[in-house]
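Please open the model in your viewer and keep the selection tool at hand, since this tour moves from one side chain to the next. The stops follow below.

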Amino acid sequence: MKAFRLDELEAERAANNGAYLQFVKERNMSVGLYALDAGELDPQQPHAEDEVYFIVSGRASITVGMETTQVGRGSVVYVPAGVAHKFHHITEDLRVMVVFSPPES
């Protein structure tokens with residue numbers, strides 16, 4: 001079993017000076033913690049993998065393809081592989097659990 005505490009993952013992510021910390025990588029999936037602070041721009045490009053975002057905390061909008069919605073704590077968003085997507089109008093520091101399938105390369 002692998003078990004994680006969000007506060008420890010956040011501390012590890014911050015200590016490594018990165019917006020993203022991958023903490024699980026298995027044959028069929030990977031999981032990470034993504035962080036964007038209020039007002040920050042989301043630099044990500046489309047991925048080769050399907051992904052699911054679970055918003056742990058914060059508030060923002062996300063555009064996936066041509067659709068835009070507001071997200072906050074508890075929101076879940078599915079992004080198909082190859083589709084352009086970005087978080088924007090980040091009004092509260094955003095912490096997002098990301099699940100990639102297959103695992104992010």
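Select H85 first, and you will find this residue in strand 6 of what is a predicted model. Is H85 buried or exposed? With a relative accessibility of 3%, H85 counts as buried, because the cut-off for that class is under 20%.

Now display the polar contacts of the H85 side chain, which pairs with the side chain of Q44 at 3.3 Å and also reaches the backbone oxygen of V83 at 2.8 Å. If you then show the surroundings of H85, leaving aside residues up to four places away in sequence, the residues it touches are Q44, Q45, P46, H47, E51, Y53, T63, V64 and V79.

Stay on strand 6, which spans residues 85-101, and go along to F100, which lies in that strand. F100 is buried, at 2% relative accessible area.

Next, add Y20 to the selection, a residue of strand 1 (residues 20-25). Y20 is partly exposed, with a relative accessibility of 29%.

How many aromatic pairs are there in the model? The count comes to 4. For the rings of Y20 and F100, the centres are 6.4 Å apart and the planes stand at 80°, so this pair is edge-to-face. Because Y20 belongs to strand 1 and F100 to strand 6, their pairing ties together parts of the sequence that are 80 residues apart.

Finally, add Y34 to the view, and you will have one aromatic cluster on screen, formed by Y20, Y34 and F100.

Note on methods
Residues numbered from 1 in each chain as written. Predicted model: local features only at pLDDT ≥ 70, side-chain atom pairs only at ≥ 80, totals over all residues. Heavy atoms only, no water. Phe/Tyr/Trp six-rings, centres within 6.5 Å; stacked < 30°, edge-to-face > 60°. Helix = DSSP H or I, 4+ residues; strand = E, 2+ residues; numbered from the N terminus. Buried < 20%, exposed > 50% of the residue type's maximum accessible area, 1.4 Å probe, protein only. Polar contact = N/O pair within 3.5 Å; in protein donor to acceptor, adjacent residues only side chain to side chain. Contact = heavy atoms within 4.5 Å.
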